[in-house]
There are 4 protein chains.
Amino acid sequence: MNIAFIGLGQMGVPMARNLLRAGHALRIFDVVRAPVEALAAEGAVAAGSASAAAQGCELAFTMLPSSPQVREVYLSAGGLIAALGPEIALVDCSTIDPLTAREVAAAALARGIALADAPVSGGTAGAQAATLTFMVGATAALFERIKPVLAQMGRNVIHCGESGTGQTAKICNNLLLAISMIGVCEAMSLGSALGIDAKVLSDIINTSSGRCWSSDTYNPVPGIMPNVPAAREYQGGFATRLMLKDLGLATEAARRAGQGVMLGAVAQQLYQLAQQQGLGDLDFSAIFNLYRPR
Amino acid sequence: MNIAFIGLGQMGVPMARNLLRAGHALRIFDVVRAPVEALAAEGAVAAGSASAAAQGCELAFTMLPSSPQVREVYLSAGGLIAALGPEIALVDCSTIDPLTAREVAAAALARGIALADAPVSGGTAGAQAATLTFMVGATAALFERIKPVLAQMGRNVIHCGESGTGQTAKICNNLLLAISMIGVCEAMSLGSALGIDAKVLSDIINTSSGRCWSSDTYNPVPGIMPNVPAAREYQGGFATRLMLKDLGLATEAARRAGQGVMLGAVAQQLYQLAQQQGLGDLDFSAIFNLYRPR
Amino acid sequence: MNIAFIGLGQMGVPMARNLLRAGHALRIFDVVRAPVEALAAEGAVAAGSASAAAQGCELAFTMLPSSPQVREVYLSAGGLIAALGPEIALVDCSTIDPLTAREVAAAALARGIALADAPVSGGTAGAQAATLTFMVGATAALFERIKPVLAQMGRNVIHCGESGTGQTAKICNNLLLAISMIGVCEAMSLGSALGIDAKVLSDIINTSSGRCWSSDTYNPVPGIMPNVPAAREYQGGFATRLMLKDLGLATEAARRAGQGVMLGAVAQQLYQLAQQQGLGDLDFSAIFNLYRPR
Amino acid sequence: MNIAFIGLGQMGVPMARNLLRAGHALRIFDVVRAPVEALAAEGAVAAGSASAAAQGCELAFTMLPSSPQVREVYLSAGGLIAALGPEIALVDCSTIDPLTAREVAAAALARGIALADAPVSGGTAGAQAATLTFMVGATAALFERIKPVLAQMGRNVIHCGESGTGQTAKICNNLLLAISMIGVCEAMSLGSALGIDAKVLSDIINTSSGRCWSSDTYNPVPGIMPNVPAAREYQGGFATRLMLKDLGLATEAARRAGQGVMLGAVAQQLYQLAQQQGLGDLDFSAIFNLYRPR
């Protein structure tokens, strides 16, 4: 298939590479030259703009840092929506706020173009191994059309509902994830302060009502589990600054919707503090450092 | 075995009954007459005081509402520790703060008496079905001695470490449980406000990093799961006022230990608000009501 | 002087009227007809658009609900900046986020037009009595130019610094105001719960280190002060929904600036809850209702 | 007058010295020898116990670190209440929880002894200069009896109501103080992050609705005011660890009373974090350090 891939950051490069490996004719664009040249050397065709990349393709993916770039690439005068027609389907894999996602999809629809929001979870490791999860907001028809290609970049491809629901699913999950992670940090550090063995406590929690992914799969306390960021000084994983970004999207979406999210707002402030204290580039489980003695 | 059971509230009665059914000679005491008479009719022997009940027994259990009653029953002039000798082992199943638990155990030890803290989880349903979880703080020797009898009242009997660690395990788990539960309420209500189907969102969360017991086993949103309190207007289950009590124990223990528990403190205040708004006797998942439009 | 006034809501109408009374030739515009007709009957000249109103004036004021309207009026194709030249000075009295304020001022400057942000405090009563406070972000030259006219609508005209600082001053003050107000509610309700007379406690606070405007000038507890919203069931004053709006601006600006505002975020959530519970149209001191028994 | 003073810490020594200077015959006791010897050298008579010091006096003051010491000195077998009779009046200047204060007063009353709670504010500087504020919980008769002597150690002597209301007034004021102080830190640091001059912003706040003691008298931002702890690297003043203690008393009293104090609970956690980060011995305005870049 003729496919365009626009936005070649840490996530975009391995995702695009998986499409190349699957045999697609890939046209690429990014304002940064290095990843473009790397992928061109592997067989992709570099284009001079997002619109030029997408011209003549059946499918175009974008993977951009945040809403302003998404607006620029899709909605500007020379952007994708103005330049393309109904023959292409667009898939935005960026993590942005659901309202912007819906707005962009509506603008595309007004020109007869189908656009899906399909943010991912799984991190760079998942992007490389093609084990990402895609949360897709799209019509049923569009979902069926793009699912086989998404499946070449990920393991789980979930249809969440109409436009914007992919973004909604991601930020709601990550809101809960941040809260749970901090909850595990508090429960574990309180236990240690009160004298219970950390391994014993985590075993109890993992078979009790406190059980959660942040405890049983991704425990933030060093010494509890191997092969998690806590076991390697919080290197790798899902960066604190990215969690902070997602919490910003969630609380801002909540504000616009008039929906209270008290623990979410406090979690955002704690991640803000963690970032201020220099933990921004470490895995988000490094927020455990806010809870231990210095 | 000759066993005393002191404290016959909603939990104590079915626990004591399970000991009777297991064939033990049971001596009982409570200041309230009705449950004493009910169990006496089933074969237990009523005594005039806690000490009188425990006299001559190999094992005595207490199940009391909170620290002041525990202090009174164990530490007062005519209390258990003053009245008994090293031949008995004492097991306090009350949920109290770990510092008081350690203090009482130390007072017992000073008279040569072994005392375990063994708070439970599982609620009245678990007490009746003998499926409780016991979290036990005790020496290894005492744990081995009491484990077979605890197993007649529960399904899981966990050794958490020395004195006070049973209480610590319980309040740390419940701290995390409260935080997770509120986190699920926020994620689910935000999702609904943004237009994603609640069942779809919970399915995504339950297979993603937001997965937790409060979402996949005890979801607080009506219509997601059958057989949970949310499916029956939050009747039954673990009452909001009891969760509020446990959060009070956790944050107070944290304060004394100089340990920060920001989300825990906020969760306590939210449960305080829930109680103030009339939800105190409903299951603790009813805190979802704070998040939906009225 | 020839002056335009654009945006005739609850604040705009009395402000414009004060300019009329001061003898200015006033040209007005709003999309809603009723206030336009009312002011036209008092001598103002109605125009068909914001740009038409401002044409030929020395000064134009805008008083709009929020950022999107400000963007539309100033930045759209037929908007003020495109339609006007350097002979006019523009003053935006809307309360919006400081970043948008700076962006609009920069767009004006690019066309040689001086633009000040001048949000107000004092409410509709202050607008009517011409006792508003204006917090002005502008160059020194522009400030001197507009100050005499602002003084015809208000009592205090404060120069806060360059573009955006008027907005910054307002949202920072209101952030602190919201926090203090909730702090007074908590201190007073805790005092009452512990049995101290509310009047005695407020007298002590007002001569001690807890002293603040929310306690000594605008006490939220009924029965403490006359002539405050608490004395008239929280009618009038500064509405909860407007405080919620300002807290949203403050926390969103903080987020973009990477600045932590923990109590501010919690205050925002409490005002969100107050709004959800039906207090949105009452004065912002009505948040006291979250703290008393029902 | 024959007066006993028990508890000679940093506050007790200068308070006792002011009584000596006023010409009273002073009998003193503390478990630490150094301050006892210092005051004995100035004319006080050292006694071997609290009860021995109070024997034969008309008035006895206590100034102790926290509730357990107050319980020990007043309620133990050889304590003040057991050893003394109705001829003495007792005044506890310690800061403790209101419930313990009431309990001790009730125990004294049961033996016919009048006891007042009279916690102070003003710090060691106020103790030395005899400018303390006393918040007194006592009957009207007892208040009149002790007021003249309190006035020799302080400038303001306030009758707050019956037993415990002195403590209540103090912890409610300090709850509000902590919240306001953090509010000022957030408003000022947000303003700086958004580019307004700190001095300009504090001037605006101090004449607006954000005005409070923490801003206009004790500003936490270095460079705004002279002669405040912020001007001397937060040395002196009211220590963070003492504010943390008072917040613990306030939130624990709130918990027992079933009263919500959301911002107070969050403020306590922020002070806990400040202490954990090494700010415990600095003035409580040093919490500003949590809000600035490192």
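Visitor: How many residues of domain 1 of chain A are in contact with domain 2 of chain A?

Guide: Two residues are in contact if their C-beta atoms, placed from the backbone, lie within 7 Å. Here, nine residues of domain 1 of chain A touch ten residues of domain 2 of chain A. This is a predicted model, where local features need pLDDT of at least 70, side-chain atom pairs count only at pLDDT 80 or more, and totals for chains, interfaces and linings use all residues. Residues are numbered from 1 along each chain as its sequence is written, while chains are lettered from A and ligands numbered from 1 in the order in which they are written.

Visitor: Where do the domains of chain A lie?

Guide: Domain bounds come from an automatic or database domain assignment. For chain A, that gives domain 1 (2–163) and domain 2 (168–291), with C-alpha centres 29 Å apart.

Visitor: Which relation links chain C and chain D?

Guide: Copies are superposed by least squares on the C-alpha atoms of residues with pLDDT of at least 70 in both. A 180° rotation with 0.0 Å of shift along its axis places chain C on chain D (RMSD 0.0 Å). That is the relation of a two-fold axis. In chain C, the C-alpha of C:Cys212 is nearest the axis, 2.0 Å from it.

Visitor: And how many residues does the contact take from chain C and from chain D?

Guide: Chain C contributes 55 residues, and chain D contributes 55 residues. Helices (H or I, at least four residues) are DSSP runs, numbered from the N terminus; on the side of chain C that touches chain D, α9(C) gives the most, with 19 residues.

Key. Helix = DSSP H or I, 4+ residues; strand = E, 2+ residues; numbered from the N terminus.
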